[in-house]
Amino acid sequence: MGFKAPVDDILFTLRHVAGLTEVMRDGLFDGLDDDLARALLEQAGAFAEGVLAPLNRPGDRMGVRFADGAVRTPPGFPEAYRRWAEAGWNAVAAPEDWGGAGLPVMLNTAVMEMHTSACMAFGLGPVLTQGAVDALLAHGDAALRERWLPRLVSGAWTATMNLTEPQAGSDLALLRTRAVPAGDGTYRITGQKIFITCGEHDLTDNIVHLVLARLPDAPAGTRGISLFLVPKRLPGDGSANGGPGDGAPGAMNDVRCAGVEHKLGLHASPTCTMVFGDGEGAVGWLVGEENRGLACMFTMMNRARLATGLQGVSIGERACQQALAYARERRQGRVGSDPEARPIIEHPDVRRTLLTMRALTAAARAVAYVTAEAIDRAERGGDAAARERADLLTPVTKAFCSEAGIEVASLGIQVHGGMGFVEETGAAQHLRDVRVTSIYEGTNGIQAIDLVTRKLPRGGGAAVRRLLADWRGIVEAARRTDAAALGASAPRLGEALDALGAATDWLLAEGRAPDDALAGASPFLRLFGLAAGGVLLLKGALAALALQGDGDRNPALRATVATARFYAENLATAAPGLARTVTGGAASLRLGPDVFA
Ligand SMILES: Cc1cc2nc3c(=O)[nH]c(=O)nc-3n(C[C@H](O)[C@H](O)[C@H](O)COP(=O)(O)OP(=O)(O)OC[C@H]3O[C@@H](n4cnc5c(N)ncnc54)[C@H](O)[C@@H]3O)c2cc1C
């Protein structure tokens, strides 16, 4: 079925939950106002519905083709990409100095949400290009930026992120790709990378690879990794130092695609094995300092982690729309004495499933946009507390929102019954496509470890305690309104925050055995996301009630309140159980290998 861009829902979340209004009021983005934000989202929505959504099913069926080192994307993709880049969608949040629109990450997040809902295989590629722009802006020297940024910002060229090798996935300390100084300021790169998204394709005439590699005398482990820019085609004006030139691509570099993966989903997105240096070695330029490559790559990865969580939101939205339409049409079962079979949407169990889908998607959207807001305040406003908040929320967004998307897509299949399991309806594609989001950009297990061992303990847990205080304020405000439409939202979310607070205290307690903390990492992250999602939905519900109080009769406001209430009373109730798993579940893991006997 088709896709309807949820412009109003997104705008509501941006304004009333994530704080776009306050960001505009504080003058962080010159010239940005409500009208501009709406116009941008409406145009992005129209592009999603009209250009990208029609590519989704045929792209899935046909997939990418690989022959003689070349990759062909499905029909329609090159033309859609050209239109996408020409319309400026790649450059929404990039700085104006480099040809970008200089708009908030929040608005770029909204654009990317809709484009990814329409066709995730299309939306995935630009995530890497935009991440490479961030990495070059933060770490590239002037010559590298001047040569490569204009075309990466415009989307004339795409970029890739090359971390994974056959023996080095989550554990990048094991990576072996080599970089040797050539004596002229460039390096020669040799090695093999696997699973490289858009490593090769027919969308643009050059591809800029950002590659992690080791210098000859580099220390072992992750402190001996450097980052290099390695183009598919070398600068055409012959300048060897990567400085400014006419920008035209020239001779082929010593890089080739050796094949593409055959995957569960995302068939229209090329996932490539890349070979660097069959001959003399691929020519590359150092980005940032030697042996500091992982830190540089984290600039790219952090943005990609937000985008990956957002993919969960996008597919959740798509699956919700599809399941709702099916549930309104499909008739099974009678209600009361009525002899006619009723649309399945009337059955309480199906309503629960549909509401679970909608509530999880809305909660994940709120978490993702709040993270984007923290990034905007940190980057535009130089706000240190916002930087800490963004750091803390990034693994939560990546893992909680991707898992929400997977759960929602799976429930979407359930609503379709047997028709969900056959490919005809398209419900299965959503699950196949979104399933990878808990795996790539650092598995969700790795996100949980990052949260518990690095982000949470920073400053003695100051960032999480600040968030908890903010969120308790929202629950208190709900208690004070005493609105019947909120039901038991305030007490249930109060309990969820108490559970999060207790689990946080337990993890931060002095002398906690590291393995016990690691054993509780994934349930803790789930608890964090669950509580955050519920409180943010409640914030939206309070705003909706206030608008209703001012006489706004928009039925979407009632739905907003009802969704928040459903989440609080039906989903957030899992929070105390998750806290008990964190604090009391480790002992059963200490049985060692015998547990698998
Ligand atoms: C479609 C697709 C696109 C991709 N695109 C890119 C790309 O563009 N660039 C790129 O570089 N890579 C890319 N990847 C690779 C992806 O990032 C890796 O698959 C991912 O990081 C996991 O690594 P792995 O597959 O080696 O799994 P492993 O690291 O082998 O992990 C296997 C399991 O063990 C767990 N695990 C591993 N280490 C630990 C630990 N220390 N503690 C607890 N649990 C642990 C993991 O959570 C996981 O469940 C892509 C992958 C796919 C499928």
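This is a short exchange about how some terms apply to a predicted model with a ligand.

Modeller: Residues are numbered from 1 along each chain as its sequence is written. In this predicted model, local features need pLDDT of at least 70 and side-chain atom pairs pLDDT 80 or more, while totals for chains, interfaces and linings use all residues, and side-chain values use heavy atoms, without hydrogens and water.

Colleague: What makes a residue part of the set that surrounds the ligand?

Modeller: One of its heavy atoms must lie within 4 Å of the ligand. That gives 18 residues, with Met161, Thr164, Ser170, Phe195 and Thr443 the closest.

Colleague: Why is the pair between Thr164 and the ligand called a polar contact?

Modeller: A polar contact is a pair of N or O atoms within 3.5 Å. An N or O atom in the side chain of Thr164 is 2.7 Å from a nitrogen atom of the ligand, so the pair qualifies. For Thr197, the side chain has an N or O atom 2.8 Å from a ligand nitrogen atom. At Leu163 a backbone N or O atom lies 2.9 Å from a ligand oxygen atom.

Colleague: How do you know that H9 is close to its expected span?

Modeller: The expected span is 1.5 Å times one less than the number of residues. Helix H9 (residues 348-381) has 34 residues and reaches 47 Å from first to last C-alpha, close to the 50 Å expected.

Colleague: Why is H9 called largely enclosed?

Modeller: Buried means under 20% relative accessible area (1.4 Å probe, protein chains only). Of the 34 residues of H9, 24 are buried, so the rest of the structure largely encloses this helix.

How values were computed: A polar contact is a pair of N or O atoms within 3.5 Å; within protein, one must be able to donate a hydrogen and the other to accept it, and residues adjacent in sequence count only if both atoms are side-chain atoms. Helices (H or I, at least four residues) and strands (E, at least two) are DSSP runs, numbered from the N terminus. Buried means under 20% relative accessible area, exposed over 50%, partly exposed in between (1.4 Å probe, protein chains only).
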